[in-house]
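Me: I would like to learn how to read a structure like this one feature by feature, with the general idea first and the particular case after it. Could we begin with the surroundings of a single side chain and then work outwards?

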Amino acid sequence: MAPEIFFEGGDPSQLPLITRNQILSRVCDQILNQGSQHSSSDSNAIQRFATPDLSDEIRRLFHLYRSTDEVIWLLMRMVWQGELSILLPEAIQVAESPTAERYTRTAALRAVFSLGSDIEKNNLKDRYLNESTELKRDILAEFVHPLSNSDINIKWLFACFTKAEAPNENNVDQLKRETTSLIRRCNLNLLAPFIEKAALLLNQAPFSELEDSEISIKYAWILSPAAFAVERLVLDKNQDALNSSSLSILSKYSPYERRYHLDFDRDNKNNLKQLVQESPELNLTLFWFLVENKRQELGKSKKEALDQWRQVGTCNSFVGFVINDFDSVIESMTTRPLIDDKLIALSLAFELYVQTGRHPKQLKMLKKSVCGTPVLAEKLSNLMRPPKQTEEQRKRNKKYRQQEVYWKKQNENRLLTEAARNTEWHEYLTANFETLRDNGFEDPRTLSKAQAYLYDQLHQLSEDNSSRSESNWQYLTSKFGESVALAFRDGAVSYWRNNSPLLRSEGAPTNSTPYTTRFGLIGLAIEANEIPLWPSILTEKDAEIAFRYGMYELNGFPFWFEQLFSFFPELICKLSLEEINYELANENVETESHYLLSRIVWSGKWIWNSLASKLCSVIQSSEPRNLQSLDNILNIIQGSSISNEAITKLVTTRSPTSDHIREAYWFAAWTGVNPSEAISEFEDYLKVLSDDATKTTCAMVYVAQLLGTRLSRGTYVRDDFKTPEYLKHLYLLMHQHIKESEDIDRASGGVYSPELRDDAQDGRDKLIRLLCNISGKETFETLLTISDQHPNGNVRSWLKREAKTRAEQDVDLIPWIANDIYHFQNEQERTPRNHNELFELAVMRIRDLKHDLEDGDSSIASILKPIKLETEIRQFIGNWCRDRSRGRYSIPQEEELADAKRPDFRWHSSGIDCPVPMELKLADKWSGPDLFERLEVQLCGQYLRDTRSSRGIFLLVYHGTRQYWERPDTDEKLNFDILIHNLQNHWADISHQFPNINEIRVIGIDLTKRAI
C-alpha cells in the first residue's frame, strides 16, 4: 500500500508507532526520489498524523534530509500543525536560516510563532534583523503577521523595512498587506509613531518623479498603510492627525493615488478625501501645510512669490473648501504671521465670497479683515476691480493651465493603458470562453488567469464591495457579452465543491484569503441565489465545505449562511463550536481575535439559541482569557432564549477571580436576571476592593456593561433591573463610586475619543432617565427619595422637578362617583370622563378582542385569517368594538382630519373632546422598518399632533404569512411577539421626541393561535 494513503483519512494514531515511523520514512524517501505529491490543502491529514510520539522519528528524518527542502517543508508543517513543541529547536534552525526555501522557512516560522516562548520569538526577530543579506519581503511578512502591539515592535519593524528588498510590482505584496493588517489591529497610541517613521522613510532619496510631491521610490509601498493609519486617527478625531507627519502622509498620498490609481478607497469603507474635508480643522491645517511645501519648492527655484491660493495646487490634494469655510479662512488672515499667508487667505476668502453670490455680510467681513493693512487693502481692491494683467501674471496663469492639462493627460494615459489591457482580455475571452467552464488543469482546484481576471472585473463592477459573496454574475454581460458571462458563471458554480478551504483551526492564515477561496465564494453565492431552498440539494459534505467558505466572508456571514444553518443546524453548530474552541484556546489576552465569536454576535443571532447552552458549558469549564471574548459569549447567552435561572446558575457557580474588571462583566450579567441578589452582592464586592481608584474602575466597567457604550450596538444584558427600586439602588451606588466632581467635561468642545469614563458617566445618567420613563406612584416616590439623598443641590432640585412632572403625567385621574361604582360592579367598566380613561377603556376593549380571537372557545380567527384586505379587517374590528360600547364611546372609521389625513379609528366619548386615535396595520403586509416608521411618523407625528390627544394605540393583526420582521437599526430578525415588544420599546426610546404624547400602546393580535 502506498504510504501517502495514510495521510488521506482515518485516525493514524491507532496504528502502532513502528508502523507510523515506517510510513513517514517512506513518504520522505518518496519525496526525495519522486518529488512531493502533497499540497497545502493536506493540512488535516498532516495534523492527524503529526502526533507527539513521532517526534523522535521526525527529528531523525530532519537531520537525514536536512538538505532536501521539500522533505523539510513537510516535517516543519508537521511540527507546526501537530504542535510538536519538543521539536522547536529544529524549527528554530530552519526559521533562522536565510538560505532556506521560502515555503519551508515559512512553515518553520509559523511553528516558532505558534509554539515558542516570547524570549525565543524575540531572539528569532533579532537574528533575522541582523542577517547580512537583503530581507525577503514574504518572509518579513510572516514576522509581521503575529506581531503584537508595542513600541519596541514598531521600532524593530522599521529597522527591517530599511533592509527589506524592493517590492515587485507584478506580485502581490504580502508585506504591504500584513503591514496594513497590523495597522488595523494596532493600538491608537502606536499609530502616531508608525506614521512618523513612515514619513521619514518616504522622504528618503531617490524620489519618484511626481508632480508637487517627492516620494521615496524604495519606500513608496508604505504610503498606503501609513494613509490607513492616518485614516484611523481621523475617524477617532485624534489630535495626532494634525501633526506634521500625518499631514506629510496626506500631502503625498493624494497625488500618488491619482497617478498610480491605488485601490485604497475601494478596499476601505471610508473615503479619506471625504473624511479630511468633513473635518474643517484638519482640512485647513493640511492646506497651510501644502502652502509651506509649495513655498519651499518655489524658494529653491526662486521662480515666484507665493501669495495666491491657486498657486498651492489643491486640486491635486485632499483639501477642498466650501462656503461654510469662509469664517475660518478669514480668521487665518489674523492668525497667520506672514503677509504672504494673509494674501493667500484673502484670495481664498474672496473666492468663497464669489461662490456665495457676493453676499454683503461677507463683503463687510472682508473689508474689516484688511483694515489697517495697506497691502491687504490694495489686494482686496484689485480683486474687486481686477487691473490689467502683467506679463508675469499672464505667464503664471498660463503655467496653471498647463498644469491642469498635464494632470488631465496623465489621467487619460492611465485610462488608455487600462483600456488596452481590457481590450486584449476581451478578445481572448470572446474566442476562448469555454475555458472558463473547464480550464483544463489537472488539479480541479487550480484557477486560470482568465477566471481570476473576470473575478477582479466582477468585484470592480459590483455595487457592494463589503462582501465576497457577489451572486450577480450578469454584471459581466454588458462588458464581455453573454457567452463569456455565462461561461464564467458555470465555471464558478462547478468550482466551489472541488475546493475545501482551510479553517483557522487547521492552520489557515488569519488575514489573507486565497483567490481560490474567493472564486469559490462567488460560485457558491450564485448557486445559492439561483436555486430556491438551495441547501436542500446539498449533502452533508457539501454543507461542511460551504461552512468553510462562510468563514472567509468579509463582514459577518454570507447571505446564504442562515439558510444553510436552518437545513443543517447540528452540523453548523458542531463546526462553529470547534472553531470557537480553537479561537478561545489560541486567543491573545489583550487583542480580540475578530474571528467567529464576534461575527456571531454582530450578525448571527439566528444561531444564538442553538449555541447558548453549549457556550455555557464552554465557559463553565474554562473562562475566555480575553475580556472581549467573554463579553461576546455573555451577549450570545443573554440574547438567547436560555432562562434567567440558567444564567443565574452560570454566574453563581463559577469561581471568582482577582480581576475586578472581569468580575464587573459577570456582575452586570447577573444584575440583568436576578437584580435583588446581584446588586447587593456587587455593592459588598466594591466595599472589599483595595482602593477608591479600583472601586471606581470596577463600577465604571459594570455600568458600561449594564447599559452599553457609545461605540457599541447596545447591550444584551436583560432588563429585570429596570424597576424603580433597583434603578434607585443602582443610581445611588454609581454616584457613590463614579463621582460627578471627577467627571470629564466635554462641553467645551474639541476633538476627543470616548473613554470608559465617558461611557460610565452616560450609564450613570441613563439610570435616572430609565427611572423617569416608568409611570406610576412608585417612580414618583423613588425620585423624591433620591433627591433627598443626592449630594448635589442642583441635581436634587432637578430630581424634584422630574418627580413633579411624573406626577402630572400620571395623575390624570378623577374621583369616582356613585354611578361609576355601580357600573363597575355590574360590568367591570365605567363611562370614561377624561382622555386617559377613554384611552384605558379602548385598550381594554382591544385586549378583550385579542383574548376572544386568540384564546376564546368561540374564536372566529379561522374565518378572519383568509381575509387579506385591511378594509374588511377594519370593518370587523370597528363593528365588534361598537357592539360592545354600551354607549360609552363611538368609533367612526377613517375620520378625516383637517390635513386630509385619515386614521383608521378614532375613539370618541360624549363630553370628552380628546379622541384616542388607533392605527391598524396588517403586519404581514409591512416590513419591519416600515412598521417602526409608521409608528413614529404616522401615529405619533400625524394623528397625535392635536394637542387634545396625548395617547394612541398601534394595533397589528397577524395572518401568519410572514415569518419575521427586521429591526431597522440592527437587522435583527423578529417574530411577531418580539416585534410587538420591540415596537413598544421603540416608543420608549423615542418618547422624548414627542413631549405632548404621554403614552402609546402597541397591541398585536395573532390569528394563527386559534386558526385552523
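Me: Which residues does Gln 638 touch, leaving aside those up to four places away in sequence?

Reply: In this predicted model, Gln 638 touches Ile 647, Ala 669, Tyr 716, Val 717 and Arg 718 once residues up to four places away in sequence are set aside. Gln 638 itself belongs to helix α31, which covers residues 627–639.

Me: Is Gln 638 buried or exposed?

Reply: The idea is to compare relative accessibility with a cut-off, and buried means under 20%. Gln 638 has 6% relative accessibility and therefore counts as buried.

Me: How should I read a sheet, and in what order do the strands of the open sheet lie here?

Reply: Strands of a sheet pair through backbone hydrogen bonds, and the pairing can be either parallel or antiparallel. Here 4 strands form an open sheet with mixed pairing, in the order β1-β2-β3-β6. Because β1 (905–909) and β6 (999–1006) stand at the edges with a single partner strand each, one side of each has no neighbour in the sheet. From one strand to the next, the twist averages 20 degrees.

Me: Which sense does each pairing take, and how many bridges join β1 to β2?

Reply: It helps to go through the sheet pair by pair. Strands β1 and β2 run antiparallel and are joined by 4 bridges, and within this pairing Arg 906 has Pro 917 in β2 as its bridge partner. The hairpin of β1 and β2 has 2 residues between the strands, and Gly 911 takes a positive phi near 85 degrees there. Strands β2 and β3, by contrast, pair in the parallel sense over 5 bridges; among the partners in β3, Leu 955 is that of Leu 920, and Leu 956 is that of Lys 921. Finally, β3 (residues 951–958) and β6 also run parallel, with 8 bridges joining them, and Ile 953 has Arg 1001 in β6 as its bridge partner.

Me: How many residues of β3 are buried, and which of them point one way and which the other?

Reply: For a strand, one can ask about burial and about the direction of each side chain separately. In β3, 8 of the 8 residues are buried, so the strand is largely enclosed by the rest of the structure. Arg 951, Ile 953, Leu 955 and Val 957 point one way, whereas Gly 952, Phe 954, Leu 956 and Tyr 958 point the other way, and all are buried. Strand β2 (residues 912–922) is mostly covered, with 9 of its 11 residues buried.

Me: Which helix lies across β3 and β6, and at what angle does it run to β6?

Reply: Helix α45, made of residues 976–990, lies across β3 and β6, and it runs at about 175 degrees to β6.

Me: What do the totals say about the whole protein chain?

Reply: The protein chain has 45 helices and 6 strands, and its C-alpha atoms fill a box of roughly 105 × 95 × 70 Å along the principal axes. Buried residues make up 49% of its 1012 residues, while the protein chain exposes about 48,600 Å², of which carbon and sulfur atoms supply 49%. Among contacts between residues at least 6 apart in sequence, 70% join residues at least 24 apart. As for charge, there are 122 positive and 146 negative side chains, and the centres of the two sets lie 5 Å apart.

Technical notes:
Residues numbered from 1 in each chain as written. Predicted model: local features only at pLDDT ≥ 70, side-chain atom pairs only at ≥ 80, totals over all residues. Heavy atoms only, no water. Pairing = 2+ DSSP bridges. Axes fitted to C-alpha atoms, helices over the stretch in contact; angles between N-to-C directions. Contact = heavy atoms within 4.5 Å. Buried < 20%, exposed > 50% of the residue type's maximum accessible area, 1.4 Å probe, protein only. Areas by Shrake-Rupley, 256 points an atom, 1.4 Å probe, with all protein chains shown as cover. Lys, Arg positive; Asp, Glu negative; His and termini not counted. Charge placed at Lys NZ, Arg CZ, Asp CG, Glu CD.
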